[in-house]
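Me: Hi! Could you walk me through this protein? I'm new to reading structures.

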Amino acid sequence: MIMANRTIHDFSAPSAANVTTGPDVINADTHCELKPALIMMVQASPFYGKAHEDANAHLQHFLEICSTFTIKGVTREAICLRLFPFSLLGKAKQWFYSNRNAVDTWDKCSNAFLVKFFPMGKTNALRNKISSFQQQADESIPKAWERMQEYVAACPHHGMEDWLLIQNFYHGLVPLDRSHLDAAA
(Lines give C-alpha, C1' and ligand atoms only; values in the text may rest on other atoms or scores of the structure.)
Protein backbone atom coordinates (compact mmCIF):
# COMPACT_ATOMS: atom_id res chain seq x y z
CA MET A 1 0.00 0.00 0.00
CA ILE A 2 1.39 3.33 -1.05
CA MET A 3 -0.69 5.20 1.54
CA ALA A 4 1.29 3.56 4.37
CA ASN A 5 4.45 5.33 3.22
CA ARG A 6 2.82 8.79 3.18
CA THR A 7 2.77 11.13 6.15
CA ILE A 8 0.07 13.52 7.28
CA HIS A 9 2.23 16.28 5.86
CA ASP A 10 2.10 14.58 2.43
CA PHE A 11 -1.70 14.69 2.50
CA SER A 12 -1.99 18.30 3.71
CA ALA A 13 0.87 19.98 1.85
CA PRO A 14 -0.10 22.24 -1.03
CA SER A 15 0.41 20.70 -4.44
CA ALA A 16 0.04 22.00 -7.98
CA ALA A 17 -1.87 18.77 -8.72
CA ASN A 18 -4.74 20.22 -6.64
CA VAL A 19 -5.03 23.45 -8.65
CA THR A 20 -8.23 23.44 -10.66
CA THR A 21 -8.46 24.33 -14.31
CA GLY A 22 -11.42 24.53 -16.64
CA PRO A 23 -13.13 21.45 -18.05
CA ASP A 24 -11.19 19.46 -20.62
CA VAL A 25 -13.38 20.03 -23.66
CA ILE A 26 -11.03 19.40 -26.56
CA ASN A 27 -10.32 15.89 -27.87
CA ALA A 28 -6.76 14.74 -27.35
CA ASP A 29 -6.52 14.04 -31.12
CA THR A 30 -7.52 17.61 -32.00
CA HIS A 31 -4.88 20.32 -31.89
CA CYS A 32 -6.43 23.46 -30.46
CA GLU A 33 -4.31 26.45 -29.66
CA LEU A 34 -5.93 29.57 -28.31
CA LYS A 35 -3.84 32.42 -29.63
CA PRO A 36 -2.63 34.97 -27.04
CA ALA A 37 -4.24 37.82 -29.02
CA LEU A 38 -7.61 36.06 -28.75
CA ILE A 39 -7.20 35.54 -25.02
CA MET A 40 -6.23 39.20 -24.60
CA MET A 41 -9.30 40.28 -26.57
CA VAL A 42 -11.55 38.29 -24.22
CA GLN A 43 -9.70 39.58 -21.16
CA ALA A 44 -10.18 43.20 -22.26
CA SER A 45 -13.73 43.23 -20.85
CA PRO A 46 -13.67 41.01 -17.76
CA PHE A 47 -16.69 40.12 -15.67
CA TYR A 48 -16.10 40.20 -11.90
CA GLY A 49 -19.52 39.11 -10.65
CA LYS A 50 -20.29 42.43 -8.98
CA ALA A 51 -23.92 43.45 -8.46
CA HIS A 52 -23.78 46.40 -10.88
CA GLU A 53 -22.40 44.31 -13.75
CA ASP A 54 -24.65 43.02 -16.52
CA ALA A 55 -24.11 39.28 -16.97
CA ASN A 56 -26.24 39.18 -20.09
CA ALA A 57 -24.22 41.97 -21.75
CA HIS A 58 -20.99 40.19 -20.81
CA LEU A 59 -22.19 36.95 -22.35
CA GLN A 60 -23.35 38.77 -25.48
CA HIS A 61 -19.96 40.48 -25.87
CA PHE A 62 -18.13 37.20 -25.26
CA LEU A 63 -20.22 35.38 -27.89
CA GLU A 64 -19.62 38.18 -30.39
CA ILE A 65 -15.88 37.64 -30.00
CA CYS A 66 -16.26 33.86 -30.30
CA SER A 67 -18.28 34.23 -33.49
CA THR A 68 -15.40 35.99 -35.25
CA PHE A 69 -13.15 32.94 -35.67
CA THR A 70 -13.12 29.16 -36.09
CA ILE A 71 -10.63 26.44 -35.29
CA LYS A 72 -10.67 23.53 -37.71
CA GLY A 73 -11.99 20.37 -36.10
CA VAL A 74 -13.18 22.11 -32.92
CA THR A 75 -16.81 22.99 -32.25
CA ARG A 76 -17.79 26.53 -31.39
CA GLU A 77 -19.22 25.27 -28.08
CA ALA A 78 -15.88 23.72 -27.12
CA ILE A 79 -14.04 26.93 -28.00
CA CYS A 80 -16.49 29.01 -25.94
CA LEU A 81 -16.17 26.73 -22.94
CA ARG A 82 -12.38 26.70 -23.15
CA LEU A 83 -12.13 30.48 -23.59
CA PHE A 84 -14.83 31.58 -21.13
CA PRO A 85 -12.73 31.41 -17.93
CA PHE A 86 -10.36 33.97 -19.47
CA SER A 87 -13.25 36.47 -19.51
CA LEU A 88 -13.84 36.13 -15.77
CA LEU A 89 -12.10 37.61 -12.75
CA GLY A 90 -12.64 37.74 -9.00
CA LYS A 91 -15.84 36.23 -7.65
CA ALA A 92 -16.98 35.14 -11.12
CA LYS A 93 -13.79 33.19 -11.79
CA GLN A 94 -14.02 31.55 -8.36
CA TRP A 95 -17.61 30.55 -9.17
CA PHE A 96 -16.52 29.02 -12.49
CA TYR A 97 -13.77 26.88 -10.98
CA SER A 98 -15.85 25.79 -8.00
CA ASN A 99 -18.53 24.59 -10.45
CA ARG A 100 -16.30 23.30 -13.23
CA ASN A 101 -17.69 19.76 -13.07
CA ALA A 102 -21.26 21.04 -13.38
CA VAL A 103 -20.43 23.30 -16.34
CA ASP A 104 -18.88 20.73 -18.63
CA THR A 105 -20.83 21.87 -21.73
CA TRP A 106 -21.25 25.39 -23.09
CA ASP A 107 -25.03 25.23 -22.70
CA LYS A 108 -24.76 24.25 -19.03
CA CYS A 109 -22.04 26.83 -18.43
CA SER A 110 -23.82 29.79 -20.02
CA ASN A 111 -27.14 28.95 -18.34
CA ALA A 112 -25.52 28.44 -14.92
CA PHE A 113 -23.63 31.72 -15.38
CA LEU A 114 -26.85 33.63 -16.02
CA VAL A 115 -28.67 31.94 -13.15
CA LYS A 116 -25.83 32.89 -10.79
CA PHE A 117 -25.13 36.42 -11.98
CA PHE A 118 -28.54 37.50 -13.29
CA PRO A 119 -30.62 36.57 -10.24
CA MET A 120 -34.41 36.44 -10.17
CA GLY A 121 -34.57 39.67 -8.16
CA LYS A 122 -32.80 41.57 -10.93
CA THR A 123 -35.09 39.99 -13.52
CA ASN A 124 -38.17 40.96 -11.51
CA ALA A 125 -36.94 44.55 -11.09
CA LEU A 126 -36.39 44.89 -14.85
CA ARG A 127 -39.75 43.29 -15.65
CA ASN A 128 -41.35 45.78 -13.30
CA LYS A 129 -39.65 48.68 -15.14
CA ILE A 130 -41.07 47.33 -18.41
CA SER A 131 -44.56 46.68 -17.00
CA SER A 132 -44.88 50.01 -15.22
CA PHE A 133 -43.20 52.13 -17.89
CA GLN A 134 -44.01 55.84 -17.64
CA GLN A 135 -42.96 58.57 -20.04
CA GLN A 136 -40.92 61.24 -18.27
CA ALA A 137 -41.82 64.93 -18.29
CA ASP A 138 -40.58 66.65 -21.47
CA GLU A 139 -39.51 63.30 -22.94
CA SER A 140 -40.31 62.87 -26.62
CA ILE A 141 -42.01 59.74 -27.92
CA PRO A 142 -38.81 58.56 -29.67
CA LYS A 143 -36.74 59.10 -26.50
CA ALA A 144 -39.36 57.27 -24.42
CA TRP A 145 -39.35 54.39 -26.94
CA GLU A 146 -35.55 54.26 -26.80
CA ARG A 147 -35.64 54.04 -23.00
CA MET A 148 -38.26 51.29 -23.17
CA GLN A 149 -36.03 49.37 -25.62
CA GLU A 150 -33.10 49.72 -23.19
CA TYR A 151 -35.20 48.08 -20.47
CA VAL A 152 -36.18 45.25 -22.83
CA ALA A 153 -32.56 44.75 -23.98
CA ALA A 154 -31.36 44.64 -20.38
CA CYS A 155 -33.67 41.69 -19.72
CA PRO A 156 -34.02 39.64 -22.93
CA HIS A 157 -35.64 36.81 -20.97
CA HIS A 158 -38.50 39.07 -19.80
CA GLY A 159 -41.06 36.62 -21.24
CA MET A 160 -43.48 39.28 -22.45
CA GLU A 161 -45.11 39.13 -25.86
CA ASP A 162 -44.49 42.02 -28.27
CA TRP A 163 -48.11 43.16 -28.07
CA LEU A 164 -47.83 43.47 -24.28
CA LEU A 165 -44.60 45.47 -24.56
CA ILE A 166 -46.27 47.87 -26.98
CA GLN A 167 -49.36 48.09 -24.76
CA ASN A 168 -47.19 48.89 -21.70
CA PHE A 169 -45.39 51.57 -23.70
CA TYR A 170 -48.61 53.08 -25.03
CA HIS A 171 -50.30 53.19 -21.63
CA GLY A 172 -47.17 54.73 -20.11
CA LEU A 173 -47.27 57.72 -22.44
CA VAL A 174 -48.70 61.03 -21.32
CA PRO A 175 -52.25 61.60 -22.66
CA LEU A 176 -51.19 64.20 -25.24
CA ASP A 177 -48.60 61.88 -26.82
CA ARG A 178 -51.07 59.01 -26.71
CA SER A 179 -53.52 61.11 -28.69
CA HIS A 180 -50.75 61.97 -31.21
CA LEU A 181 -50.11 58.25 -31.73
CA ASP A 182 -53.83 57.59 -32.09
CA ALA A 183 -54.08 60.29 -34.76
CA ALA A 184 -51.05 58.94 -36.62
CA ALA A 185 -52.43 55.41 -36.59
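Here is a short chat about the overall make-up, one helix pair and two loop residues.

Reply: Happy to! Keep in mind that this is a predicted model.

Me: Okay, how many helices and strands does the protein have?

Reply: There are 10 helices and 0 strands. Read from the N terminus, the order of elements is α-α-α-α-α-α-α-α-α-α.

Me: And what share of the residues counts as buried?

Reply: Of the 185 residues, 32% count as buried. As for the outside, the protein exposes about 12,000 Å², and carbon and sulfur atoms supply 57% of that area.

Me: What about contacts between residues far along the chain?

Reply: Take the contacts between residues at least 6 apart in sequence: 63% of them join residues at least 24 apart.

Me: Let's look at a helix pair. How do you even describe one?

Reply: Two packed helices are described by the angle between their axes and the distance between the axes. Here, try α3, residues 55–66, and α4, residues 76–83. Their axes come within 11 Å and cross at roughly 125°.

Me: Are α3 and α4 parallel or oblique to each other?

Reply: Oblique. Angles of 65 to 115 degrees count as roughly perpendicular and those over 145 as roughly antiparallel, and the crossing is at roughly 125°, so α3 and α4 are oblique to each other. The crossing is also right-handed.

Me: Which residues make the contact?

Reply: From α3 you have F62, L63 and C66, and from α4 there are R76, C80 and L83. Sorted by class, the contact has 5 nonpolar residues, no polar ones and 1 charged one.

Me: New topic: where does S45 lie?

Reply: S45 lies in the loop between α2 (36–43) and α3.

Me: What does S45 touch?

Reply: Leaving out residues up to four places away in sequence, S45 touches H58, H61 and S87. The C-alpha atoms of S45 and F62 are separated by 8.7 Å, with the two residues 17 apart along the chain.

Me: Is S45 buried or partly exposed?

Reply: S45 is partly exposed, as its relative accessible area is 32%.

Me: Last one: what is there to say about D138's phi?

Reply: Phi of D138 is near 60°, a positive value in a residue other than glycine. For background, most residues other than glycine have a negative phi.

Me: Where is D138, then?

Reply: D138 sits in the loop between α7 (120–131) and α8 (141–154). D138 is exposed, because its relative accessible area is 86% and over 50% counts as exposed.

Notes: Residues are numbered from 1 along each chain as its sequence is written. This is a predicted model: local features need pLDDT of at least 70, side-chain atom pairs count only at pLDDT 80 or more; totals for chains, interfaces and linings use all residues. Side-chain values use heavy atoms; hydrogens and water are left out. Axes are lines fitted to C-alpha atoms, for helices over the stretch in contact, and angles run from 0 to 180 degrees between N-to-C directions. Helices (H or I, at least four residues) and strands (E, at least two) are DSSP runs, numbered from the N terminus. Angles under 35 degrees count as roughly parallel, over 145 as roughly antiparallel, 65 to 115 as roughly perpendicular and the rest as oblique. A crossing is left-handed if the near helix is turned anticlockwise from the far one by less than a right angle, and right-handed if clockwise. Contact means heavy atoms within 4.5 Å. Ala, Val, Leu, Ile, Met, Phe, Trp, Tyr, Cys and Pro count as nonpolar, Asp, Glu, Lys and Arg as charged, and the others, Gly among them, as polar. Buried means under 20% relative accessible area, exposed over 50%, partly exposed in between (1.4 Å probe, protein chains only). Accessible areas come from the Shrake-Rupley method with a 1.4 Å probe; for residues, only the protein chains shown count as cover.
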